[in-house]
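Biologist: I have a structure open and a few things to ask about it. Can we go through them one at a time?
Modeller: Go ahead.

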Amino acid sequence: ALPRDLEGRRVVVSAGGTREPLDPVRFLGNRSSGRQGYALARVAAQRGASVTLVAAHTADLGDPAAVEVVRVGSAAQLREAMHATVKGADAVVMAAAVADFRPAALAQSKIKKSGAEPDPLALAKNPDILVELVKAREPGQVIVGFAAETGDASGDALHHGREKLARKGCDLLVVNVVGDGQAFEVPDNAGWLLGADGTETELARGSKALLASRIWDAVHTRL
Ligand code: C5P
């Protein structure tokens, strides 16, 4: 059985991939299944927390038991839902795959095929929600970010993770190596948990529920 060590705590978790609309029928999206975020929400509820799950697009996952689910589509909607729900939260986990860019214009009706050459797609930058949440952080609030890093030639996902942790200013960063069948659309996960205090914990390959438990352990010691 899991410890009830999050009893009396309120946590907010984002999950899934945002969809950035181009017109009423099209969007730019990503491959996030939402499984890690859902596992985080489920495990937090099992450990006694009061949980709000802000869910963008996910695979066909059942709602976790005893969790308040707020559904969103785009990064703009996810941003609004996060700012509305993090007030008074003890911990916030940004597990969602938020699109970095959105189509610069949203067409009100379906975009028609024009001539032989497609029009270039103009993009605009989305605000970094995690950075905003860190700026608005309440005293004692623990904020966790995620980083999906592709293991490059130098294999330096950890180095990139450290940089990202510093840039975002969150308390913990979960680094996943993606691109070799890991992290997206699969049941297992692995990586590292980096702390702003300099700690570096390897998350051995395991179920997303097991990783969620390790992440909540690290959050719990910081509460
Ligand atoms: O910079 P990158 O997209 O790799 O950062 C990933 C982390 O930042 C995740 O925790 C993700 O939820 C968050 N993020 C965000 N807003 C964005 C982009 C990413 O909150 N616009």
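Biologist: What does alanine 89 touch, not counting residues up to four places away in sequence?
Modeller: Alanine 89 touches Arg10, Val12, Glu138 and Gln141. Keep in mind that this is a predicted model.

Biologist: Where is alanine 89 found?
Modeller: In the loop between α2 (75-85) and β6.

Biologist: Is alanine 89 buried or exposed?
Modeller: Alanine 89 counts as buried because its relative accessibility is 4%, and the cut-off for buried is under 20%.

Biologist: And how far is alanine 89 from alanine 1?
Modeller: Their C-alpha atoms are separated by 25 Å, and the two residues are 88 apart along the chain.

Biologist: How confident is the prediction? What is the mean pLDDT?
Modeller: The protein has a mean pLDDT of 93, with 94% of its residues at 70 or more. The model's ipTM is 0.99 and its pTM is 0.95.

Biologist: On to the interior. Which residues touch the most other members in the largest nonpolar core?
Modeller: Leu40, Val51, Leu53 and Trp216, out of 32 residues in that core. Two or more residues each come from β1 (10-15), α1 (35-46), β4 (50-55), β6 (91-94), β9 (142-150), β10 (172-178) and α5 (208-222).

Biologist: Which element gives the most to this core?
Modeller: α1, with 7 residues.

Biologist: Take leucine 53 from that list. What is leucine 53 in contact with, leaving aside neighbours within four places in sequence?
Modeller: Its contacts are Val13, Ala15, Gly37, Tyr38, Ala41, Pro64, Val67, Glu68, Val69 and Val70. There is also another core, apart from the largest one, with 25 residues. Val72, Ala89, Ala96 and Val134 are among them, so the alanine you started with belongs there, being buried at 4% relative accessibility.

Biologist: Now charges. How many salt bridges does the structure hold?
Modeller: It holds 13. As background, side chains of opposite charge can pair when their charged atoms come close.

Biologist: Give me one that links distant parts of the chain.
Modeller: Arginine 222 and aspartate 197 meet through their side chains in a salt bridge, 3.0 Å from N to O. Arginine 222 is in helix α5, while aspartate 197 is in the loop between β11 (188-195) and β12 (200-207), 25 residues apart.

Biologist: Which of those two counts as exposed, and which as partly exposed?
Modeller: Aspartate 197 counts as exposed at 52% relative accessibility. Arginine 222 has 26%, so it counts as partly exposed.

Biologist: What about arginine 26 and aspartate 23? What is their N to O distance?
Modeller: 2.5 Å, in a salt bridge between their side chains. Aspartate 23 is buried, with a relative accessible area of 3%, whereas arginine 26 is partly exposed at 33%.

Biologist: And what does glutamate 7 form a salt bridge with?
Modeller: Arginine 4, with the closest N and O atoms 3.2 Å apart. Glutamate 7 is partly exposed at 48% relative accessibility, and arginine 4 is partly exposed at 49%.

Biologist: Which residues are linked in a network of salt bridges?
Modeller: Asp5, Arg47, Arg214 and Asp217.

Biologist: There is a lysine at 164. Is lysine 164 buried or exposed?
Modeller: Buried, because its relative accessible area is 18% and the limit is 20%. Lysine 164 is found in helix α4 (residues 157-168). Leaving aside neighbours within four places in sequence, lysine 164 is in contact with Ala147, Glu149 and Leu173.

Biologist: Back to the surface. Which residues make the nonpolar patch?
Modeller: Phe101, Leu121 and Leu123 make a nonpolar surface patch of about 290 Å². Leucine 121 lies in the loop between β7 (101-103) and β8 (123-125), and at 47% relative accessibility leucine 121 counts as partly exposed.

Biologist: Last one. What is the phi of alanine 66?
Modeller: Positive, about 60 degrees, although alanine 66 is not a glycine. Alanine 66 is in the loop between β4 and β5 (68-71), and is exposed with a relative accessible area of 75%.

Technical notes:
Residues are numbered from 1 along each chain as its sequence is written. This is a predicted model: local features need pLDDT of at least 70, side-chain atom pairs count only at pLDDT 80 or more; totals for chains, interfaces and linings use all residues. Side-chain values use heavy atoms; hydrogens and water are left out. pLDDT is the predictor's confidence in each residue, from 0 to 100. Patches are made of residues with over 30% relative accessible area and no salt bridge: like charges are joined within 9 Å, nonpolar side chains (Val, Leu, Ile, Met, Phe, Trp, Tyr) within 5 Å. Accessible areas come from the Shrake-Rupley method with a 1.4 Å probe; for residues, only the protein chains shown count as cover. A salt bridge is a side-chain nitrogen of Lys or Arg within 4 Å of a carboxyl oxygen of Asp or Glu. Helices (H or I, at least four residues) and strands (E, at least two) are DSSP runs, numbered from the N terminus. Buried means under 20% relative accessible area, exposed over 50%, partly exposed in between (1.4 Å probe, protein chains only). Contact means heavy atoms within 4.5 Å. A nonpolar core is a set of buried Ala, Val, Leu, Ile, Met, Phe, Trp, Tyr and Cys residues joined through side-chain atoms within 4.5 Å.
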